[in-house]
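Hello,

Here is the structure I promised to pass on to you. Open it first, and then read my notes below alongside it.

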Amino acid sequence: MYIFIVNPVAGNGRGWKVFQKLVKSDLYNDINSQYYVTEYEGHAEEISRRICKENKKIKTVIIIGGDGTVNEVVNGLGSSGIPISFIPGGSGNDFARGCNIDGSPLAILEKIIAGKEGKLYWTGNLTSDSITKTFANSIGIGFDAQIAQRANQSSYKNFFNRLHLGTLSYVLALIHVLFKFKPFNASIEVNGTIRTIHNCWMVTIANHQYYGGGMKIIPTAKIQPEVLPVLIIHDISKWKVLGLFITVFFGKHIGFKEVELFETDKIKLRLEAPMAIQIDGQNSSSQYCEIVKNKQPIQIMGADF
Ligand SMILES: Nc1ncnc2c1ncn2[C@@H]1O[C@H](COP(=O)(O)OP(=O)(O)OP(=O)(O)O)[C@@H](O)[C@H]1O
């Protein structure tokens with residue numbers, strides 16, 4: 001059986017429209033499936049947790065929504081081993097970019113159903129205050145998290161999403177946060193060595209290269225086990241940050257001397273005070289956290305990487 005988890009409000013209603021188109025197709029009507037429509041934040045996680053316990057013979061959980069919905073589903077399914085797939089219906093849809101899932105919703109569904117085995121994908125785990133959250137795409141601490149927070153709370157996000165210009169809401173939020181942001185000091189532990197990063201703007205850890213609706217935040221990031229690509233931006237002027245973010249779309253920012261890039265299998269962060277953090281674009285905050293790669297891969301159906 002295929003399970004569809006649909007976020008009707010993702011992408012300003014795009015999630016629901018995508019599902020409605022699929023429901024009318026012969027393919028959808030020919031397969032054995034059940035669908036769930038999310039009604040509130042966190043609902044996709046609850047549904048996923050519940051279906052794991054119900055002992056249904058699930059072939060794939062197909063997510064129709066955005067990256068936030070993917071995040072909830074991977075957290076809910078945990079280590080169940082149930083394969084997933086994603087039909088983009090959100091505003092950013094970076095998980096689809098990272099996994100090279102493209103084409104019309106129907107074409108993606110065809111590919112999911114025709115595929116025998118999924119591609120193996122390794123998520124990451126962030127533990128803060130004894131709570132572990134899984135991230136499918138990336139996490140960011142500091143500047144980018146404040147931008148995500150600002151964009152998510154803004155009235156213009158829906159407006160730009162309606163025009164299919166979702167990235168513009170991040171650009172506006174960036175300008176807004178830029179002039180208020182105060183760099184912080186972060187103590188970072190990697191491979192048993194602790195060092196302090198002064199005037200830190202952001203620390204980002206990604207499972208694939210895309211984030212923020214198509215920015216190539218870590219262009220070298222590959223989908224692979226054990227390796228966590230880390231990007232740190234520090235000791236940079238506000239004006240240079242602006243220039244840097246323009247080049248992020250092409251992945252050229254890694255040439256800036258203020259950008260540090262390395263790989264590890266585990267990283268611990270200790271900050272002076274709680275700081276904004278984004279987990280797959282969802283807002284939170286943390287002062288002490290540990291990030292590791294998940295050992296158990298998830299099968300992604302319909303992906304091509
Ligand atoms: N019925 C609902 N009403 C309000 N919020 C919902 C509902 N169902 C899900 N949500 C919440 O909607 C939020 C946004 O979902 P999601 O991230 O999938 O879409 P998006 O923000 O449009 O896309 P992206 O993250 O790719 O930019 C999530 O936090 C999710 O929990």
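Start with isoleucine 62: its bridge partner in strand β4 is serine 85. That bridge belongs to the pairing of strand β3 (residues 60–65) with β4, which runs in the parallel sense over 5 bridges. Please keep in mind that this is a predicted model. Helix α4 joins the picture here too, as β3, α4 and β4 make a right-handed β-α-β unit.

Now look at how β4 is packed. The strand covers residues 84–88, and 5 of its 5 residues are buried. Which residues cover each side? Ile84, Phe86 and Pro88 are on one side, Ser85 and Ile87 are on the other, and both faces are covered. Serine 85, the partner of isoleucine 62, is therefore itself a buried residue, as it has 20 or more other C-beta atoms within 10 Å of its own.

The ligand is a good next stop. Its shell holds 23 residues, and the ones that come nearest are Ala10, Gly66, Gly68, Gly90 and Gly92. Which element gives the largest share of that shell? Helix α4 (residues 67–77) does, with 4 residues. This is the helix of the β-α-β unit you have just seen. By type, the shell divides into 4 nonpolar, 15 polar and 4 charged residues.

Another helix to look at is α7, residues 143–153. Of its 11 residues, 9 are buried, so the rest of the structure largely encloses this helix. If you want to find them on your screen, the buried ones are Phe143, Asp144, Ala145, Gln146, Ile147, Ala148, Gln149, Arg150 and Ala151.

For a contrast with the parallel pair, turn to strands β6 (residues 124–128) and β7 (residues 131–135). These two pair in the antiparallel sense, over 5 bridges. Glycine 124 has phenylalanine 135 in β7 as its bridge partner. β6 and β7 form a hairpin with 2 residues between the strands, and aspartate 129 takes a positive phi near 50° there.

Two further residues have a positive phi as well. Glutamate 226 is not a glycine, yet its phi is positive, about 65°. You will find glutamate 226 in the loop between β12 (215–216) and β13 (228–234). Is glutamate 226 buried or partly exposed? With 13 other C-beta atoms within 10 Å, it is partly exposed. Aspartate 235 is also a residue other than glycine with a positive phi, near 50°. Its place is in the loop between β13 and α10 (238–248). Aspartate 235 has 14 other C-beta atoms within 10 Å, so it too counts as partly exposed.

The loop between β12 and β13 also holds isoleucine 218. Why does isoleucine 218 count as buried? It has 25 C-beta neighbours inside 10 Å, and 20 or more are needed for a residue to be called buried. Leaving out residues up to four places away in sequence, isoleucine 218 touches Thr204, Ala206, Gln209, Pro229, Leu231 and Leu261. Isoleucine 205 is 13 residues from isoleucine 218 along the chain, and their C-alpha atoms are separated by 8.3 Å.

Asparagine 185 is worth a look as well. This residue lies in strand β9 (residues 184–190). Asparagine 185 is partly exposed, because 14 other C-beta atoms lie within 10 Å. Its contacts, not counting residues up to four places away in sequence, are Thr196, Ile197, His198, Cys200 and Glu272. Glutamate 46 lies 139 residues from asparagine 185 in sequence, and the two are 36 Å apart in space, C-alpha to C-alpha.

Finally, step back and view the whole chain. It contains 10 helices and 17 strands. The radius of gyration is 19 Å, close to the 19 Å that the globule rule gives for 305 residues, so the chain is as compact as a globular protein of that length. Along its principal axes, the C-alpha trace spans about 60 × 40 × 30 Å. Buried residues account for 46% of the 305 residues. Of the contacts between residues at least 6 apart in sequence, 74% join residues at least 24 apart.

Enjoy exploring it!

Best wishes

Key: Residues are numbered from 1 along each chain as its sequence is written. This is a predicted model: local features need pLDDT of at least 70, side-chain atom pairs count only at pLDDT 80 or more; totals for chains, interfaces and linings use all residues. A residue is near a molecule or strand if its C-beta atom, placed from the backbone, lies within 6 Å of it. Ala, Val, Leu, Ile, Met, Phe, Trp, Tyr, Cys and Pro count as nonpolar, Asp, Glu, Lys and Arg as charged, and the others, Gly among them, as polar. A residue is buried if 20 or more other C-beta atoms lie within 10 Å of its own, exposed if 12 or fewer, and partly exposed in between; C-beta atoms are placed from the backbone. Two strands pair if DSSP finds at least two bridges between them. A crossover is right-handed if, with the strands pointing away from the viewer, the path from the first strand over the helix to the second runs clockwise. The radius of gyration is taken over C-alpha atoms; the globule rule is 2.2 Å times the number of residues to the power 0.38. Two residues are in contact if their C-beta atoms, placed from the backbone, lie within 7 Å.
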